[in-house]
Amino acid sequence: IRLEGLAELRKAVPGDITVSVTDAAGAPVKAHSVTLDLLRMADSEDDRKVILDPVAPGAFRARVTLPGTGQWIANIIVVRGEDDYLQQYPFIVPAP
């Protein structure tokens, strides 16, 4: 699972997040759904849940807007058949 776009996110500015799902050989993996849980450490009321749209085999995208700066965690949940895969990415939204 590869996630792109977190480093570019800024407070109150829409940004694109892209998730690529591949197997060990690098081939795209067909997933039933990809969800992104964005969790803000300072205030759980700012947490966001985003369902990404498929844009190509193994590729998913969503536009997100985060309401605050500081430390966040992105949990990516990929559902494929009866299997769920979770990967976690900590990131920081800088102050303006």
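A residue is called exposed when its relative accessible area is over 50%, buried when that value is under 20%, and partly exposed in between. The exercises below apply this definition to a predicted model.

**Exercise 1. Decide whether Ala12 is buried or exposed, and say what is notable about its phi.**

Step 1. Ala12 is found in the loop between strand E1 (2–4) and strand E2 (15–20).
Step 2. The relative accessible area of Ala12 is 54%, and because exposed means over 50%, Ala12 is classed as exposed.
Step 3. Most residues other than glycine have a negative phi. Ala12 is not a glycine, and yet its phi is positive, at about 65°.

**Exercise 2. Describe the secondary structure of the protein and its overall dimensions.**

Step 1. The protein holds eight strands and zero helices, so that the pattern read along the sequence is β-β-β-β-β-β-β-β.
Step 2. Taken along the principal axes, the box filled by the C-alpha atoms is roughly 40 × 20 × 20 Å.
Step 3. For 96 residues, a compact globule would be expected to have a radius of gyration near 12 Å, and the 13 Å of the protein agrees with this.
Step 4. Of the contacts between residues at least 6 apart in sequence, 55% join residues that are at least 24 apart.

**Exercise 3. Work out how burial, surface and charge are distributed in the protein.**

Step 1. Of the 96 residues, 39% are buried.
Step 2. The accessible surface comes to about 5,800 Å², and carbon and sulfur atoms account for 51% of this surface.
Step 3. There are 13 negative and 10 positive side chains, and the centres of these two sets are 6 Å apart.

**Exercise 4. Identify which residues have the most contacts inside the largest nonpolar core, and which strands supply this core.**

Step 1. The largest nonpolar core consists of 23 residues, and those with the most contacts inside it are Val34, Leu36, Leu38 and Phe91.
Step 2. At least two residues of this core come from each of E2, E3, strand E6 (59–64), strand E7 (70–80) and strand E8 (83–93).
Step 3. E7 provides the largest share of this core, with four residues.
Step 4. Taking Val34 as an example, and not counting residues up to four places away in sequence, one finds that Val34 touches Val19, Val50, Ile51, Leu52, Phe60, Ile76, Ile77 and Val78.

**Exercise 5. In the loop between E3 and E4, determine for Asp46 and for Glu45 whether the residue is buried or exposed.**

Step 1. Asp46 lies in the loop between strand E3 (33–40) and strand E4 (48–51), and Glu45 lies in the loop between E3 and E4 as well.
Step 2. Asp46 has a relative accessible area of 13%, and is therefore buried, whereas Glu45, with 69%, is exposed.
Step 3. Once neighbours within four places in sequence are left aside, Asp46 is in contact with Arg40, Pro67 and Trp72.
Step 4. Glu45 and Val55 are 10 residues apart along the chain, and their C-alpha atoms are separated by 30 Å.

**Exercise 6. Place Thr65 in the structure and list its contacts.**

Step 1. Thr65 is found in the loop between E6 and E7, and with a relative accessible area of 38% it is partly exposed.
Step 2. Leaving aside neighbours within four places in sequence, Thr65 is in contact with Ala12, Val13, Pro14 and Arg48.
Step 3. Between Thr65 and Ala25 there are 33 Å in space, C-alpha to C-alpha, for a separation of 40 residues in sequence.

Conventions
Residues are numbered from 1 along each chain as its sequence is written. This is a predicted model: local features need pLDDT of at least 70, side-chain atom pairs count only at pLDDT 80 or more; totals for chains, interfaces and linings use all residues. Side-chain values use heavy atoms; hydrogens and water are left out. The radius of gyration is taken over C-alpha atoms; the globule rule is 2.2 Å times the number of residues to the power 0.38. Buried means under 20% relative accessible area, exposed over 50%, partly exposed in between (1.4 Å probe, protein chains only). Contact means heavy atoms within 4.5 Å. Accessible areas come from the Shrake-Rupley method with a 1.4 Å probe; for residues, only the protein chains shown count as cover. Lys and Arg count as positive and Asp and Glu as negative; His and the chain ends are not counted. The place of a charge is taken as NZ of Lys, CZ of Arg, CG of Asp or CD of Glu. A nonpolar core is a set of buried Ala, Val, Leu, Ile, Met, Phe, Trp, Tyr and Cys residues joined through side-chain atoms within 4.5 Å.
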